[in-house]
Amino acid sequence: MGSRLAPAEDIGLLPEEVEEAVKPPPMYQVVLLNDDFTPMEFVVAVLERVFRMPHARAVQVMLDVHQKGRGVCGVYTREVAETKVSLVLELARDNDHPLLCVAEPVGE
């Protein structure tokens, strides 16, 4: 009892409209921002826990945050990125750290 999809022309769509309808969702990068108060060890722990990074990668991203002012934690769909930002901010708040985390559209 399988169902077949009608060709795009049969449902009133032009081929380019079908391509537009199935293009991948916009992606967002999650970025940690530097501050002068959050301990480096806490940042590494957050990267390992929230972003499931291996320790060496977490240390490298933490150093990017420390030295360059920001570090990219990963690239996700908007909903996943927003969830990760919320988790980071909640962990920071619960541990009395001012760590900032944002989601930015990729390519901006």
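**From a surface patch to the core**

Let's start on the outside, where Met27, Val72, Val75 and Val106 make up a nonpolar surface patch with about 280 Å² of accessible area together. Patch members have over 30% relative accessible area and no salt bridge, and nonpolar side chains are joined within 5 Å; the areas come from the Shrake-Rupley method with a 1.4 Å probe. A salt bridge here is a side-chain nitrogen of Lys or Arg within 4 Å of a carboxyl oxygen of Asp or Glu. This is a predicted model, in which local features need pLDDT of at least 70 and side-chain atom pairs pLDDT 80 or more, while totals for chains, interfaces and linings use all residues. Residues are numbered from 1 along each chain as its sequence is written, and side-chain values use heavy atoms, without hydrogens and water.

Val106 sits in the segment after β3 (100-105). With a relative accessible area of 45%, Val106 is partly exposed (buried is under 20%, exposed over 50%, partly exposed in between).

Now step inside. The largest nonpolar core (buried nonpolar residues joined through side-chain atoms within 4.5 Å) has 24 residues, of which Val30, Leu32, Leu47, Phe51 and Val88 touch the most other members. Helix α2 gives the most to this core, with six residues (helices are DSSP runs of H or I, at least four residues; strands are runs of E, at least two).

Phe51 also forms a tilted aromatic pair with Tyr76, 6.4 Å centre to centre with 35° between the planes (centres within 6.5 Å; under 30 degrees is stacked, over 60 edge-to-face, the rest tilted). Because Phe51 lies in the loop between α2 and α3 and Tyr76 in strand β2, the pair ties together parts 25 residues apart in sequence.

Technical notes:
Patches are made of residues with over 30% relative accessible area and no salt bridge: like charges are joined within 9 Å, nonpolar side chains (Val, Leu, Ile, Met, Phe, Trp, Tyr) within 5 Å. Buried means under 20% relative accessible area, exposed over 50%, partly exposed in between (1.4 Å probe, protein chains only). Rings of Phe, Tyr and Trp (its six-membered ring) pair if their centres lie within 6.5 Å; planes under 30 degrees apart count as stacked, over 60 as edge-to-face and the rest as tilted.
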